[in-house]
Amino acid sequence: LEARARLGIAIGEFYPQQQQLGASLTYNRIPISLPYNFVTNTYWADQFGAQAAWELDIWGKLRRAIESADGGFLASIANYDAVLVTLVGDVATAYVQIRTTERQIAIARDNITRQQTALKIARAKFQYGTATKRDVYQAENVLGATEAAIPQLNIQQKKKKNALSVLLGMP
């Protein structure tokens, strides 16, 4: 909007910078007295005038100013378009990251179910003497690491949703 206004001002400089218009109308009555006679002379007087003044663009100063303002206007449009492209790219990136995080959470929950089954098997093997306590500890360790990853993924997902809300300008 600012660049468009600057272009309008530059174009306006090309036209007359001062305009003046004036008009007047008068009615005159002049009494003339003669002996035995009284005569009045009346007449109307009117004036009309117009005046315009502007700077002649002999060296192209005003034309160059218009070209410069037009270039600034087109550059601001290009900047606006570049910001829109960046915004669309950021929105797409945030959306893909949200979907990726959702899938990671689903995979982690699926892994927890499988790892709980693996822990039950490791405990049963240890109980019947076909595995060591180390196998049970490893299964518990893997299960705990996977369970600990889910809150971090949830936080990451909420951050990305908030970022997407900011980018879209929506609560």
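Helices are DSSP runs of H or I with at least four residues, numbered from the N terminus. Isoleucine 105 has its place in one such run, helix H2, which covers residues 61-127. The model described here is predicted. Its chain holds 3 helices and 2 strands, arranged along the sequence in the pattern α-β-β-α-α. The chain is more spread out than a compact globule, because its radius of gyration is 44 Å, well over the 16 Å that the globule rule gives for 171 residues.

**Overall dimensions and surface**

- Taken along the principal axes, the box filled by the C-alpha atoms of the chain is roughly 155 × 45 × 15 Å.
- Buried residues make up 16% of the 171 residues of the chain.
- The chain has an accessible surface of about 13500 Å², and carbon and sulfur atoms account for 60% of that area.
- Positive side chains number 19 and negative side chains 14; the centres of these two sets are 16 Å apart.
- Of the contacts in the chain between residues at least 6 apart in sequence, 63% are between residues at least 24 apart.

**Isoleucine 105 and glutamine 157: helices H2 and H3**

- Isoleucine 105 has a relative accessible area of 5%, and therefore counts as buried, the cut-off being under 20%.
- When neighbours within four places in sequence are set aside, the contacts of isoleucine 105 are Leu153, Asn154 and Gln157.
- A separation of 6.2 Å lies between the C-alpha atoms of isoleucine 105 and isoleucine 150, although these residues are 45 apart along the chain.
- Glutamine 157 belongs to helix H3, which spans residues 133-168.
- With a relative accessible area of 12%, glutamine 157 is also buried.
- Outside its neighbours within four places in sequence, glutamine 157 is in contact with Ile98, Thr101, Glu102 and Ile105.
- The contact between isoleucine 105 and glutamine 157 thus links a residue of helix H2 with a residue of helix H3, as the contacts listed for isoleucine 105 show.

**Tyrosine 43: strand S2**

- Tyrosine 43 is located in strand S2, made up of residues 37-53.
- The relative accessible area of tyrosine 43 is 42%, so this residue is partly exposed, a class that lies between the 20% and 50% limits.
- Apart from neighbours within four places in sequence, tyrosine 43 has contacts with Thr26, Tyr27, Asn28 and Ile30.
- The C-alpha atoms of tyrosine 43 and proline 151 are 100 Å from each other, and the two residues are 108 apart along the chain.

Note on methods: Residues numbered from 1 in each chain as written. Predicted model: local features only at pLDDT ≥ 70, side-chain atom pairs only at ≥ 80, totals over all residues. Heavy atoms only, no water. Buried < 20%, exposed > 50% of the residue type's maximum accessible area, 1.4 Å probe, protein only. Contact = heavy atoms within 4.5 Å. Rg over C-alpha atoms; globule rule 2.2 N^0.38 Å. Areas by Shrake-Rupley, 256 points an atom, 1.4 Å probe, with all protein chains shown as cover. Lys, Arg positive; Asp, Glu negative; His and termini not counted. Charge placed at Lys NZ, Arg CZ, Asp CG, Glu CD.
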